[in-house]
Structure formats: structure tokens, C-alpha cells
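This report describes selected features of a protein and its ligand. Please keep the sequence and the structure in view while reading.

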Amino acid sequence: DPFPLSASVLTFSANVLNAMDVAGEAPNNCNLQIPFSSLTVDHSLRVPEMKPSLVRLCKDLFHKWSNLDESHFFAERVSGGITNLLLKVSVKEHNGNMVHMTVRLYGPNTEYVINRERELQAIHYLSAAGFGAKLLGVFGNGMVQSFIHARTLEPLDLRKPKLAAEIAKQLSRFHQVEIPGSKEPQLWNDIFKFFERASNLTFDDHEKQKKYKTISFKEVHTELIKLKELTGSLNAPVVFAHNDLLSGNLMLNDDEEKLYIIDFEYGSYSYRGFDIGNHFNEYAGYDCDYTLYPNKDEQFHFFRHYLQPERPDKVSEKDLKALYVETSCYMLASHLYWALWALIQAKMSPIDFDYLGYFFLRYNEYKRQRDMCFSLGKSYLSASKTGHCIALCVGVDQSVL
Ligand SMILES: Nc1ncnc2c1ncn2[C@@H]1O[C@H](COP(=O)(O)OP(=O)(O)OP(=O)(O)O)[C@@H](O)[C@H]1O
């Protein structure tokens, strides 16, 4: 399995818990106090039927509520995203105070595309750095987080200049967070893991199998190798990337003008250009209308605020051009990543979504953009080489070229 959900996730959580127990007191960093319960909640139930197990779970995780009866607990569905089931659970405490939380039930089989241990570690450090919802508890098949009072962005919000500038600024901050452990970029490891699994599927459904059989995995593999080589020559900075910055993962509190980046399920060390290119692909919205991809001016606006949030007008043309090329090439990798992801989901996910159709949307868009982006990347590389040679020959400082 690409990402087996083994006991290690539990060990990770249990270790965090043990560290706290051993200390015998609440550490200063309250993020270290992550209660853990081995209880699970049945994903397939309707919310009213789920309520008793949600109440049991809350009481197990948060002992201060153990004496409250069931009438103090309220549960409603927030969303059935295409990966998990998200619930809002509210608790009326004895003093009348209401506490709101989200309970996220991992979608069945999501361990094939999501590394939960990596996610928990990321949440821990990102939340300490002020990103996303606070992690309140971890349980057998999900996690409890603080409820964010904000509206979720829509795809068309992403290109609003003021919002785009804020997203760029926050993403730049996000990319500066240091997550302990290996800093090896995971993009190509993940893509090739996806490829191995995605290229060896069989579908019971005859129509699906027929469609699946039209895919040439030899061709996909060749594309992966070529793109890996091209992007590798760009020397893109490696950062802790969100990797799934779609509008649904951005929330805005209009009154406080506070933007929240949420949902770190796919977060990993990866290339800066991938995170930005992947975000630009999300301008296309849920209908995948790629004519909505940001134009060069919109991209440069984003880059200015990403590269120098405090002095966006001071960013050099050279830096803008370099990031434009980097983003355009990695934008292709984003299409291949989600295309292969969709094939695995088509087989594994119980959610009724046309994942196979989604593969073709992403792969066809990859093919439509490929030649333009490859020639952009290659001419940029050869121009930098020429610049390098001229600089060496005439003794010019290369940074001015
Ligand atoms: N902590 C939170 N507080 C309030 N609302 C939230 C919170 N987390 C998520 N949401 C809402 O729920 C929606 C889905 O959440 P999330 O992206 O975590 O689920 P998901 O199953 O991973 O979705 P997808 O796979 O489609 O990205 C978000 O777009 C947001 O509207």
C-alpha cells in the first residue's frame, strides 16, 4: 500500500500522550496535549444514529464532559467532502457555555492516498505556527479539531486581487514553517507510488474497466520521466507544501479579515512551484474549467505578494520570470498527481463521484499544456545557461542577467 495506516499512527498519538503523562503536568505548549481514544465511529451511519457513539467519543476524549447527559450534545453534518465526512459537534456545558468542534471521520480506504502519520505531525507543528484549526483529539478513525467561524472560499474568490495577495502572503508564511524529520521532497515518491497502484487496477464494472483499459500507462510513465527531468533542472526550492490549496481549503473570517489555510492531509516537503501551480489549477473550480487558469498578470500579482509580502512592488522582473517558469512546469506535475490519485480513488473510494472521468479531465489538460510549458522551461534553462556562459566569458556578475 502506498500509505498503510498501521499501528504507527496510533503509536505516534500515543507517544504524544505518553510524553504528557510522563511530564505529569500540562506542558506550556498546549498543542502537545492531544488526547487519544481508540474508539471508532461508523462512517456509514446517518448523523442521528451516529450521535450515541459521538457522545461516547467526546466523553472518552474530554473527561470534563463525562457527566453530561446526551441532551447536552448536538451533531450536524458540515460537509461530505470528497475525502472525509466532517461533522460539527457542539457541547452545552453546565454553565451554559457552548463549545463547538469538528469531528472528521476519515473516508474508508483513504490510507491508500493519504499518509495519516505525516498529516498528524504536520497539524501539530502547523497549528503551533498558527495555521488551521487546533487539533483537540485523535481517535480510531478520525480527529477532533476546533471549529473555525469563517466562510469557505469559492473558486472565483481566488482571483480577487486583495484575496490573492493575502493567500500569497499566507502561503509564503506557511512555506517557512519547519516540520522536523526528513526534508526530502516527496512529490515524485508520491507520484510514482500512485503510478504503481493506479496502473495495476481492475474494475468489476464493465464500463469502468473498458474506460480504464484505454489509458496507456506506458505513455503516462514516459511523461512522468520527462517531466521529472525537466522540473529537476529548475532547482526549485523545497518547502513544506500544502499540496491541496483549493478554495474549499481556504476560509475567511470577513469581520476579522483573517484567512485560514485548512486541511493538511496532503502536506509534505515538496517543491514551492508545485504548491503554487497546483493552487492556480484550482482557479478552474469544481467543473475543471481551465480557461480560468490565472493569466500572466494575475500570476505576477500573486508572485509579488508571495516573494515579498511587505514590499510587493520591489520584486525584480528576473525573480518573477523565474517563478513563472517554475510554476508553469510544476503545474503540469499537479495534473499528473491528481490524475493518478483519481484512478486510485475510482477503485477504492466508496464515494459516488466520477473519479475515472476526473482522470481524463486532468490528463487531457496536462497534454494540452505540455508542449507550451516544456518549451517555456527549456528555453528558460538554455537562456540561463547562455547567460551563465556570457557571464563567465566577460566576467559579468550573473545575478544581473
Ligand atoms: N475546522 C473547521 N471548522 C469549520 N469548518 C470546517 C473546518 N474544517 C473544514 N471545514 C469545512 O468543511 C469543508 C470540508 O473540509 P475538509 O477539506 O477538511 O474535508 P475533506 O473531506 O478533506 O474535503 P476534500 O477532500 O473535498 O478537500 C471545508 O471546505 C470547510 O468548509
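The sections below treat the ligand and its surroundings, then one helix, and then one residue of another helix.

## The ligand and its shell

The model is predicted. The ligand is surrounded by 20 residues, of which Thr-83, Asn-84, Arg-104, Thr-152 and Gly-248 come nearest. By character, the shell comprises eight nonpolar, nine polar and three charged residues. Strand S2 (73-79) and strand S4 (98-105) each contribute at least two residues to this shell.

## Polar contacts and burial of the ligand

Several N or O atoms of the protein lie close enough to the ligand to count as polar contacts, for which the limit is 3.5 Å. A backbone N or O atom of Asn-84 is 2.8 Å from an oxygen atom of the ligand. For Ile-148, a backbone N or O atom lies 2.8 Å from a nitrogen atom of the ligand. In Asp-263, an N or O atom of the side chain is 2.9 Å from an oxygen atom of the ligand. The ligand taken alone exposes 620 Å², and the protein buries 89% of that area.

## Helix H10

Helix H10 spans residues 317-348 and has 32 residues. From first C-alpha to last, H10 reaches 46 Å, close to the 46 Å expected at 1.5 Å a residue. Because 26 of its 32 residues are buried, H10 is largely enclosed by the rest of the structure.

## Glu-166 in helix H4

Glu-166 belongs to helix H4, which covers residues 161-174. Its relative accessibility is 24%, so Glu-166 counts as partly exposed; buried would require under 20%. Glu-166 and Glu-257 are 91 residues apart in sequence, yet their C-alpha atoms are 9.7 Å apart in space.

Key: Residues are numbered from 1 along each chain as its sequence is written. This is a predicted model: local features need pLDDT of at least 70, side-chain atom pairs count only at pLDDT 80 or more; totals for chains, interfaces and linings use all residues. Side-chain values use heavy atoms; hydrogens and water are left out. Helices (H or I, at least four residues) and strands (E, at least two) are DSSP runs, numbered from the N terminus. Buried means under 20% relative accessible area, exposed over 50%, partly exposed in between (1.4 Å probe, protein chains only). The expected span of a helix is 1.5 Å times one less than its number of residues. A residue is near a molecule or strand if one of its heavy atoms lies within 4 Å of it. A polar contact is a pair of N or O atoms within 3.5 Å; within protein, one must be able to donate a hydrogen and the other to accept it, and residues adjacent in sequence count only if both atoms are side-chain atoms. Accessible areas come from the Shrake-Rupley method with a 1.4 Å probe; for residues, only the protein chains shown count as cover. Ala, Val, Leu, Ile, Met, Phe, Trp, Tyr, Cys and Pro count as nonpolar, Asp, Glu, Lys and Arg as charged, and the others, Gly among them, as polar.
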